[in-house]
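User: Please walk me through this fold, one feature at a time. I'd like the general reading rule before each case.

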Amino acid sequence: MNTETVGPDTERHSPIRNFSVRLSSTPRGARLARLLATEQLRTWGLPSDPAEHIVAELTANAATHGRVQGRDFDLTLYVIGDTLRIEVTDTRAELLPCTRRPAFDDESGRGLLLVEALAERWGTAPGRPPRKTVWAEVGLRPAPAPAPAPSNACFGGTGRLFPRTQG
């Protein structure tokens, strides 16, 4: 009999990370989705911006427009290479999202415009009836390096910076 032992140093680590959760189709469920997504991204060492805003908009839409009494929505995050894919699945396949230009005084209707502006691309995919998935993808950039410390210590004055003098 031939057996092979794989030690911790030789285990293959999947380059694909994912997180999925089912939540109630309510404003509380949408808020919890944003909080859980932000925490998951932090755990993975990834920036939450702009993903946090996209999750907030897509889950708010699922809780508002995709809501069917007694049915939940799913949030899934995938990281493949340098792309984060956000998917929100609800149970209203007949209501496909579309961007529109709201009137200046409209109190809603701007969520998908935000998603369109923040995501590199977004769209919908049919699911098992009666489901649909709205997805968005964002590229992952390395976190910016901290700003270097100034070479001269300075203190603030009234709108001007003055070098600190020895004395």
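User: Let's begin with strand pairing. Which residue in E5 is the bridge partner of Ala-125?

Analyst: Strands (E, at least two residues) and helices (H or I, at least four) are DSSP runs numbered from the N terminus, and two strands pair if DSSP finds at least two bridges between them. Here Ala-125 has Thr-133 in E5 as its partner. Bear in mind that this is a predicted model, where local features need pLDDT of at least 70, side-chain atom pairs need 80 or more, and totals for chains, interfaces and linings use all residues. Numbering starts from 1 along each chain as its sequence is written, and side-chain values use heavy atoms, leaving out hydrogens and water.

User: How many bridges join E4 to E5, and what links the two strands?

Analyst: Six bridges join E4 (residues 121-126) to E5 (residues 132-139), and the two run antiparallel. The link is a hairpin of five residues. Pro-130 sits in that loop between E4 and E5, and the peptide bond leading to Pro-130 from Pro-129 is cis, with omega near 10°.

User: What about E2 and E3, how do they pair?

Analyst: E2 (residues 72-80) and E3 (residues 83-90) are antiparallel too, over seven bridges. Val-79, for example, has Leu-84 in E3 as its bridge partner.

User: In what order do the strands line up, and which are the edges?

Analyst: Read across the open sheet of five strands, you get E1-E2-E3-E5-E4, with antiparallel pairing. E1 (16-24) and E4 are the edge strands, each pairing on one side only. Neighbouring strands turn by 15° against each other on average, direction ignored; the axes here are lines fitted to C-alpha atoms (for helices, over the stretch in contact), with angles from 0 to 180 degrees between N-to-C directions.

User: Which strands does H1 lie across?

Analyst: Contact means heavy atoms within 4.5 Å. H1 lies across E1, E2 and E3, and runs at about 160° to E1. After H1 (27-43), the loop to H2 holds Pro-50, where the peptide bond from Asp-49 is cis, again with omega near 10°.

User: And how do H2 and H3 meet?

Analyst: The axes of H2 (residues 51-64) and H3 (residues 111-118) come within 9 Å and cross at roughly 145°. From H2, His-53, Ile-54, Glu-57, Leu-58 and Asn-61 meet Gly-111, Leu-112, Leu-114, Val-115 and Leu-118 of H3.

User: Last one: which charged side chain lies over the face of Trp-135?

Analyst: The test asks for NZ of Lys or CZ of Arg within 6 Å of the ring centre and within 35 degrees of the ring normal. Arg-85 lies over the face of Trp-135, at 4.3 Å from the ring centre.
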